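This report describes the fold of one protein chain, moving from its overall make-up to its strands, its core and a few individual residues. Please keep the sequence and the model in view while reading.

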Amino acid sequence: MRVAREGEPLMREIDIKDRRRRCVLPFEALPAEVRLLRRAAATQLGQWGVPAAGDATQLVVTELATNVIKHVGEGSPATLILEWQRERLRVEMHDKSSCLPAPRTADCEAECGRGLHMLAAMAVDWGTVVTALGKAVWCEIELGPDDVCLRMERAVDALENYRERSGSALRGRHEAVLEESAVELIADLLHWTSAQGLDPDDVLDRAQMHYEAEAA
């Protein structure tokens, strides 16, 4: 399965009750897919409210995906998994080869020679594991408190919960589904404010003022 074309990353996001978020991105190990995979990862981090982690994550994704292409084979199936919990982001690359990479000297051409040194330098922890289908190489990137946008985190939580409770049957790109859910949620909130005897226009104006003040 390929990463979808530009603007339409193929992603399956899983909400976990302890406030972890997990995104699964299957792809084919082809050079043309690496850029799309990077973009899909950055898009997902933006939706989670941790866009500041995008640069480091894209470097890691590029290295791991390139290693699959070089050492497992072009066109082989692979899966990128992103898992975020508060101040740590875990990046996993799964492929069908059971041969575990090991750090070598920096100028060695063996599998992941220099790449693993880079992972060790960028990550707070990393490792490899044999899986039922092959292996996984993983690393964890530490996020500072300033990297996490609390309002974005709360907004995503609210939208995901709203979708579940409303029994939404929307299909398509994840960001498009969230956008439609946001519109429906705002409409419901306006109905609620009206039922409480409040002026919906006044509530919208106040919300806009809060947004503009914080954005500035």
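Among contacts between residues at least 6 apart in sequence, 65% join residues that are at least 24 apart. This figure, like every value below, comes from a predicted model. The protein contains six helices and six strands, and their order along the sequence is β-β-α-α-β-β-α-β-β-α-α-α. Of its 216 residues, 34% are buried, while the exposed surface amounts to about 12200 Å², of which carbon and sulfur atoms supply 53%.

**Strand pairing**

Strand β3 pairs with two strands that are described here in turn, β2 and β4. With β2 the pairing is antiparallel and extends over eight bridges; within it, C23 has L82 of β3 as its bridge partner. With β4 the pairing is likewise antiparallel and is made through eight bridges, and here T79 stands opposite H94 of β4. The hairpin formed by β3 and β4 has two residues between the strands, and R86 in this hairpin takes a positive phi near 55°.

**The nonpolar core**

In soluble globular proteins, nonpolar side chains tend to be buried together. In this model the largest nonpolar core has 31 residues, and the members with the most contacts inside it are F27, L37, W48, L80, L89, V91 and M93. At least two residues of this core come from each of β2 (21–28), α1 (31–48), α2 (54–71), β3 (77–85), β4 (88–95) and β6 (135–142), so that both helices and strands contribute to it.

**An aromatic pair between helix and strand**

One aromatic pair is found when the whole structure is searched. The pair consists of W48 and W84, whose rings are stacked, with 6.1 Å from centre to centre and 25° between the planes. Because W48 belongs to helix α1 and W84 to strand β3, the pair ties together parts of the protein that are 36 residues apart in sequence. W48 is counted as buried because its relative accessibility is 1%, and W84 is buried as well, with a relative accessible area of 1%.

**Individual residues and their exposure**

Which class of exposure applies to C23 at 0% relative accessibility? C23 counts as buried, because 0% falls under the 20% limit for that class. C139 likewise counts as buried at 0% relative accessibility. The structure holds zero disulfides.

Two residues of helix α2, L59 and T66, are partly exposed, with relative accessible areas of 49% for L59 and 29% for T66. The value for L59 places it in the partly exposed class because exposed residues must be over 50%. Each of these two residues can also be related to a residue elsewhere along the chain, as the table sets out.

| Residue pair | Separation along the chain | C-alpha separation |
|---|---|---|
| L59 and M122 | 63 residues | 9.5 Å |
| T66 and L30 | 36 residues | 8.4 Å |

Taken together, helix α2 supplies at least two residues of the largest nonpolar core, and L59, which lies in that helix, is partly exposed. Strand β3, in turn, is paired antiparallel with β2 and with β4, and holds W84 of the stacked aromatic pair.

Notes. Residues are numbered from 1 along each chain as its sequence is written. This is a predicted model: local features need pLDDT of at least 70, side-chain atom pairs count only at pLDDT 80 or more; totals for chains, interfaces and linings use all residues. Side-chain values use heavy atoms; hydrogens and water are left out. Helices (H or I, at least four residues) and strands (E, at least two) are DSSP runs, numbered from the N terminus. Buried means under 20% relative accessible area, exposed over 50%, partly exposed in between (1.4 Å probe, protein chains only). Contact means heavy atoms within 4.5 Å. Accessible areas come from the Shrake-Rupley method with a 1.4 Å probe; for residues, only the protein chains shown count as cover. A disulfide is a pair of cysteine sulfur atoms within 2.5 Å. A nonpolar core is a set of buried Ala, Val, Leu, Ile, Met, Phe, Trp, Tyr and Cys residues joined through side-chain atoms within 4.5 Å. Two strands pair if DSSP finds at least two bridges between them. Rings of Phe, Tyr and Trp (its six-membered ring) pair if their centres lie within 6.5 Å; planes under 30 degrees apart count as stacked, over 60 as edge-to-face and the rest as tilted.
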